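Q: Before the terms used for this model are taken for granted, could each be traced back to the value and the cut-off behind it? Please go through them one by one.

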Amino acid sequence: MEIIKWGIIGCGNVTEVKSGPAFQKAPNSALVAVMRRDAALAEDYAKRHNVPKWYSNAEDLINDPEVDAVYIATPPSSHKEYTLLCAKAGKPVYVEKPMALTFEECNEMISACKEHNVPLFVAYYRRALPRFLKIKEIIDQGKLGTIRHVNCVLYHPFEARYDDEINLPWTVLPHISGGGIFVDLACHTLDFLDFVLGPIKSVRGHATSQLLAYPAEDAVSMSFLFENGIHGSGIWNFASFERYDNTEIVGDKGKISFSTFGNDPLHIQYANGEKESITIENPLHIQQPFIETVIAELLGNEGASPSKGTSGARTTWVIDQVLKEFRENSK
């Protein structure tokens, strides 16, 4: 194949700017079909984005002979189902994050794709963003020395849209999302740390609902240990007075601080007292750099893409560990 022809299952908000247009703008790529259960919305999306075909049934899109690969952009509760269907049809899969509801589901997806010799990619696109690759470069070059520990802090105020019991967003309904805003957002930070520092091997934590506004957790604290001995800690809270987003990676020669979300500068401080600030803007279609790695791999450049099913599953495993007690108590 000289061009990868894509189909999208679930053309919701995430596909409007972040990802959808990238399948049309990336080299050697075309978006040929989209699917949404509401046929009118599928048609509307297709017409606005100049996509030639639209469907209201996922299997029809998967089995379309003109679709080479499938991007699954639905909520996590259907990731496994659609991935298994794609694998059976022999279609490469690019699935949104988090990869699935649980680590067990992730493993089922990995096994199915392996059985049918189908590539499986997960949309942890920070692994390909220039801003985050610069962080990795700084660490890999040894500018911070030997990394000792990591600290993650993310908190937001309570939002009015979570105050409507009848119309709660799916992101705070665990049977659809796997958890709450922690699952939706923290997975990005945790996956990036896996990318730059290696796998996490041990997790301890607490998850609670401080506001009792929705079924999912709204406060999480955790400590974790990487396979290479680096220590980590984190706080995520979605009932605070303001927004704050900062991750700090500390070595014996310096540290780097950055936000997971947004275009804030990278702040570096060295042991000799020198400081450095680096600003790297994110692209308009924020998933495009990563999508281009997926396309490159599908066209034969083995190892081009940095986020696969195996790495995506590791992040879901970490989330499962910290939410285990909360999930059991919520049954």
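A: The model is a predicted one, and a good place to begin is G7, whose bridge partner in β4 is V70.

Q: What makes β1 and β4 a pair of strands?
A: Two strands count as paired if at least two bridges are found between them; β1 and strand β4 (residues 69-72) are joined over four bridges, in the parallel sense, and therefore they meet the criterion.

Q: How do you know that β1 also pairs with β2?
A: Six bridges join β1 to strand β2 (residues 29-35), and the two run parallel; because at least two bridges are required, this too is a pair. Within it, I8 has V34 of β2 as its bridge partner.

Q: Why is β1 called mostly covered?
A: A residue is called buried under 20% relative accessible area, and five of the six residues of strand β1 (residues 4-9) are buried, so the strand is described as mostly covered.

Q: What makes β3 and β6 the edges of their sheet?
A: The sheet is open, with six strands in the order β3-β2-β1-β4-β5-β6 and parallel pairing. β3 (53-55) and β6 each have a single partner strand, so one side of each is left without a neighbour in the sheet. For β6 that partner is β5, paired with it in the parallel sense over three bridges, and in this pairing Y94 has F121 of β6 as its bridge partner.

Q: Which helix packs on this sheet, and which strands does it touch?
A: Helix α9 packs on the sheet and touches β1, β2, β4, β5 and β6, with a direction that makes about 130 degrees with that of β1. Angles over 145 degrees count as roughly antiparallel and those of 65 to 115 as roughly perpendicular, whereas the rest outside the roughly parallel range are oblique; the value of about 130 degrees therefore makes α9 oblique to β1.

Q: Why is α9 called largely enclosed by the rest of the structure?
A: Eight of the eleven residues of helix α9 (residues 288-298) are buried, so the helix is described in this way. The buried residues are Q288, F290, I291, T293, V294, I295, E297 and L298, and what covers them includes β1, α1 (22-25), β2, β4, β5 (93-95) and β6 (120-122). After α9 comes G300, whose phi is positive, near 115 degrees.

Q: Why are α4 and α5 called roughly parallel?
A: Helix α4 (residues 79-89) and helix α5 (residues 103-115) pack at an angle of about 5 degrees, with their axes 9 Å apart; angles under 35 degrees count as roughly parallel, and α4 and α5 are therefore placed in that class. The contact is made by H79, K80, T83, L84 and A87 of α4 together with E105, E108, M109, A112 and C113 of α5, and its residues divide into five nonpolar, two polar and three charged.

Q: Is K88 buried or exposed, and how do you know?
A: K88, which has its place in helix α4, has a relative accessible area of 68%; exposed means over 50%, so K88 is exposed. K88 and I62 are 26 residues apart in sequence and 9.8 Å apart in space, C-alpha to C-alpha.

Q: Is S257 buried or exposed, and how do you know?
A: The relative accessible area of S257 is 12%; since buried means under 20%, S257 is buried. S257 lies in strand β12 (residues 254-258), and, leaving aside its neighbours within four places in sequence, S257 is in contact with N246, T247, E248, P265, L266 and H267.

Q: What makes β12 and β13 a pair?
A: Four bridges join β12 to strand β13 (residues 266-270), and the two run antiparallel; because at least two bridges are needed, the strands qualify. One bridge places G254 opposite its partner Y270 in β13.

Q: Which residues touch the most other members of the largest nonpolar core?
A: Of the 107 residues in this core, W6, F182 and W236 touch the most other members. The largest share of the core, twelve residues, comes from helix α8 (residues 181-197).

Terms used. Residues are numbered from 1 along each chain as its sequence is written. This is a predicted model: local features need pLDDT of at least 70, side-chain atom pairs count only at pLDDT 80 or more; totals for chains, interfaces and linings use all residues. Side-chain values use heavy atoms; hydrogens and water are left out. Buried means under 20% relative accessible area, exposed over 50%, partly exposed in between (1.4 Å probe, protein chains only). Contact means heavy atoms within 4.5 Å. Axes are lines fitted to C-alpha atoms, for helices over the stretch in contact, and angles run from 0 to 180 degrees between N-to-C directions. Ala, Val, Leu, Ile, Met, Phe, Trp, Tyr, Cys and Pro count as nonpolar, Asp, Glu, Lys and Arg as charged, and the others, Gly among them, as polar. A nonpolar core is a set of buried Ala, Val, Leu, Ile, Met, Phe, Trp, Tyr and Cys residues joined through side-chain atoms within 4.5 Å.
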